[in-house]
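Here is a note for a colleague who is opening this entry for the first time. The points below can be followed with the sequence and the model side by side.

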Amino acid sequence: MIFHIDMDAFFASVEQLDNPELRGLPVIIGKGTRGVVSAASYEARWFGVHSAMPVMQARKLCPHGIFLSGRMHRYAEISRQVMALFEEIAPVVEPASIDEAYLDVAGLGRLYGPPLEIAVMIQQRVREEIDLSCAIGGAPVKFLAKIASDMKKPGGITIIEEHDVSEVLRTLPIGKIPGVGGRTATTLARLGIVHAGDMARQSDAFWERHLGKWGLELAKKARGEDRSRVNPSRERKSVSAEHTLSRDTADRDVLCTHLLTQAERVGHGLRRRGFAGRTVTLKLKFADFTNLTRSETVSHPLCATDTIYSTAKSLFDKIELSRPVRLIGVGVSNFNGPAQQLTLLPDERQSRHDRLVQLDHAVDAIQEKYGRDIMGRARAKNRSDSE
Ligand SMILES: [Mg+2]
C-alpha cells in the first residue's frame with residue numbers, strides 16, 4: 001500500500017498558521033499585475049480563485065481577497081518539518097514536491113492497523129504537531145495513490161484497495177491519469193475513450209500503434225499496473241531561478257541585471273546544498289510565448305555566482321533578440337557530488353572559482369543572518385531599488 005499525501009492549500013495555510021487573523025479569510029499568494037496565483041486558501045477558492053490563475057483575474061473574482069507575495073523560505077521550513085514527521089512514521093518517504101510526498105506504508109499494518117487507520121493517525125499527527133491539514137490517498141500503485149489523494153480535498157482520506165482497483169478504473173475519467181493531456185487527450189477522445197477502463201477494449205499493439213511507447217505505458221496504467229516504487233533517494237537534479245519581467249523588454253542591460261540576480265539565487269541554492277554542476281542553462285520566453293534554451297557544459301563543476309553569471313551571459317550574448325523577452329531564467333545541472341569533495345585542480349580557472357566560492361560563502365552567511373537586501377552585488381541591488 002502506497003500513500004500520497006498532499007497538504008491542503010499549503011502556502012496559504014502556512015500564512016494562516018503564522019497569522020491567525022487570516023484564518024477563515026480568502027488568502028491568495030500572488031502579487032503584482034503580471035504574476036500568477038501560486039496558492040489560494042479554500043475561502044478564496046469559493047470565489048473561483050485557483051493556482052496558476054493570473055493575479056489580475058483573481059483580483060476581479062475576489063476583490064476583498066488578501067493578496068500576499070509569499071515567503072518561500074518559510075514554506076520550505078514547514079515542508080521540512082512535515083517531511084521529517086512522515087519519516088518518523090514511515091520508513092520509506094519520497095518527497096514529490098514542497099507539499100506532497102509518497103509513503104510506502106506496506107509494513108506499517110502490524111504497528112498501526114489497516115490503511116484507513118494509518119491515514120487517520122497521520123492526519124491527526126500533522127494537525128497536532130504542525131497545525132495543518134492534508135488529504136491522503138492510498139492505493140496499491142503509485143499513480144492511483146496520487147489520484148486518490150485528489151478525490152476528497154481538503155482533509156479527506158481515500159483508500160483504494162487491491163480489489164477496488166478495476167472498479168475505480170472503470171469510471172475514472174482518462175484525463176485523470178498523470179501525463180494524459182494535449183495530443184494524447186485528443187487522440188483518446190477521437191477513439192471514444194472516456195474512462196481509463198475503456199482502453200481495455202483495444203490491444204496493447206493498438207495503443208502502441210496510435211500513441212507509441214507512451215501508449216503501451218498508458219494502457220498498463222489503465223489496467224492498474226504501475227511498477228514505480230516509492231523512491232526515497234530521489235535527488236535534486238538542477239537548481240534554477242527564473243523571473244517574469246514586469247514589462248517585456250529587449251534591453252540587454254536590463255536582462256543582464258536580471259541574469260545576475262538569478263545567478264546569485266542559483267549560486268546560493270547550490271552552495272547551501274553543497275552542490276556544484278557542470279552545465280549552465282539559460283532560458284528565455286518571448287512576448288509571443290515561444291521558448292528558447294541554451295546550455296553550456298564546462299570542464300569543472302561550478303557554484304560561484306560570478307562564474308554562473310559569466311557562463312550564462314556568454315550564452316545570452318550569442319542570442320539575437322528579435323522579439324522582446326517576457327521571462328528570463330538560469331539553471332545549473334549535471335551535479336558532481338558535494339562541492340567540498342572536489343579535488344582542487346592546479347588550474348588557474350579552478351583556483352579562481354574556488355576563491356570566488358569562498359567569497360560567496362561569506363556573502364551567503366551575511367545574507368542569511370541579515371536578509372538578502374543588506375548586501376549584494378551593486379548592480380543587482382540597483383535594479384531592485386528602481387523596481
Ligand atoms: Mg497541496
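Which residue's side chain meets that of Lys153 in a salt bridge?

1. The partner is Asp6: the side chains of Lys153 and Asp6 form a salt bridge, with 2.7 Å from N to O. This is a predicted model, and the distance should be read as a computed value. The two residues come from distant parts of the chain, 147 residues apart. Asp6 belongs to strand S1 (residues 2–7), whereas Lys153 sits in the loop between helix H7 (142–149) and strand S8 (157–159). Their surroundings can be stated too: Lys153 is partly exposed, at 35% relative accessible area, while Asp6 is buried, at 8%.

2. Asp6 also takes part in the metal site. The magnesium ion has three protein donors, namely Asp6 (OD), Met7 (O) and Asp99 (OD), at 2.2 to 2.4 Å. Along the chain these donors follow the spacing D-M-x91-D. Asp6 counts as buried because its relative accessibility, 8%, is under the 20% cut-off. Met7 is buried as well, with a relative accessible area of 4%.

3. For the overall layout, the protein chain has 14 helices and 12 strands. Of its 387 residues, 44% are buried. Among contacts in the chain with a separation of 6 or more, 66% are between residues 24 or more positions apart. The accessible surface of the chain is about 20,400 Å², and carbon and sulfur atoms account for 52% of that area.

4. The salt bridges number 18 in total. One of them is local: Arg170 and Glu167 pair at 3.1 Å, N to O. Both residues lie in helix H8 (residues 165–171), three residues apart, which is about one turn of the helix. Glu167 is partly exposed, with a relative accessible area of 43%.

5. Another salt bridge joins the side chains of Lys283 and Glu242, at 2.9 Å from N to O. Lys283 is in strand S10 (residues 275–286) and Glu242 is in strand S9 (residues 238–249), so this pair ties together parts that are 41 residues apart in sequence. Both residues are partly exposed: Lys283 has 28% relative accessibility, and Glu242 has 41%. Elsewhere, Glu15, Asp18, Arg71, Arg74 and Glu77 are joined into one network by salt bridges that share partners.

6. Which side chain of opposite charge is nearest to Arg326? It is that of Asp248, 4.6 Å away. A salt bridge needs a nitrogen within 4 Å of a carboxyl oxygen, so Arg326 has none, although Arg326 is buried. Arg326 is placed in strand S12 (residues 325–338). Leaving aside neighbours within four places in sequence, the contacts of Arg326 are Arg34, His243, Thr244, Leu245, Asp248, Lys285, Phe286, Ala287 and Phe289.

7. Ala39 offers a view of a buried position in a strand. Ala39 is found in strand S3 (residues 39–40), and its relative accessible area is 6%, so Ala39 is buried. Apart from neighbours within four places in sequence, Ala39 is in contact with Phe11, Ala12, Val27, Ile28, Ile29 and Ser51. Ala39 and Phe10 are 29 residues apart in sequence, and their C-alpha atoms are 7.2 Å apart.

8. Is Gly107 buried or exposed? Gly107 is exposed, with a relative accessible area of 68%. Gly107 lies in the loop between strand S6 (100–104) and helix H5 (109–112). From Gly107 to Pro91 the C-alpha to C-alpha distance is 8.7 Å, with their positions 16 residues apart in sequence given as the separation.

9. The surface also carries a nonpolar patch. Trp46, Phe47 and Leu61 make up this patch, which covers about 360 Å². Leu61 is in helix H3 (residues 55–61) and is partly exposed, with a relative accessible area of 36%.

Note on methods. Residues are numbered from 1 along each chain as its sequence is written. This is a predicted model: local features need pLDDT of at least 70, side-chain atom pairs count only at pLDDT 80 or more; totals for chains, interfaces and linings use all residues. Side-chain values use heavy atoms; hydrogens and water are left out. Donors are N, O and S atoms within 2.8 Å of the metal (3.2 Å for Na, K and Ca); water is not among the atoms, so sites may look incomplete. Buried means under 20% relative accessible area, exposed over 50%, partly exposed in between (1.4 Å probe, protein chains only). Helices (H or I, at least four residues) and strands (E, at least two) are DSSP runs, numbered from the N terminus. Lys and Arg count as positive and Asp and Glu as negative; His and the chain ends are not counted. Contact means heavy atoms within 4.5 Å. Patches are made of residues with over 30% relative accessible area and no salt bridge: like charges are joined within 9 Å, nonpolar side chains (Val, Leu, Ile, Met, Phe, Trp, Tyr) within 5 Å. Accessible areas come from the Shrake-Rupley method with a 1.4 Å probe; for residues, only the protein chains shown count as cover.
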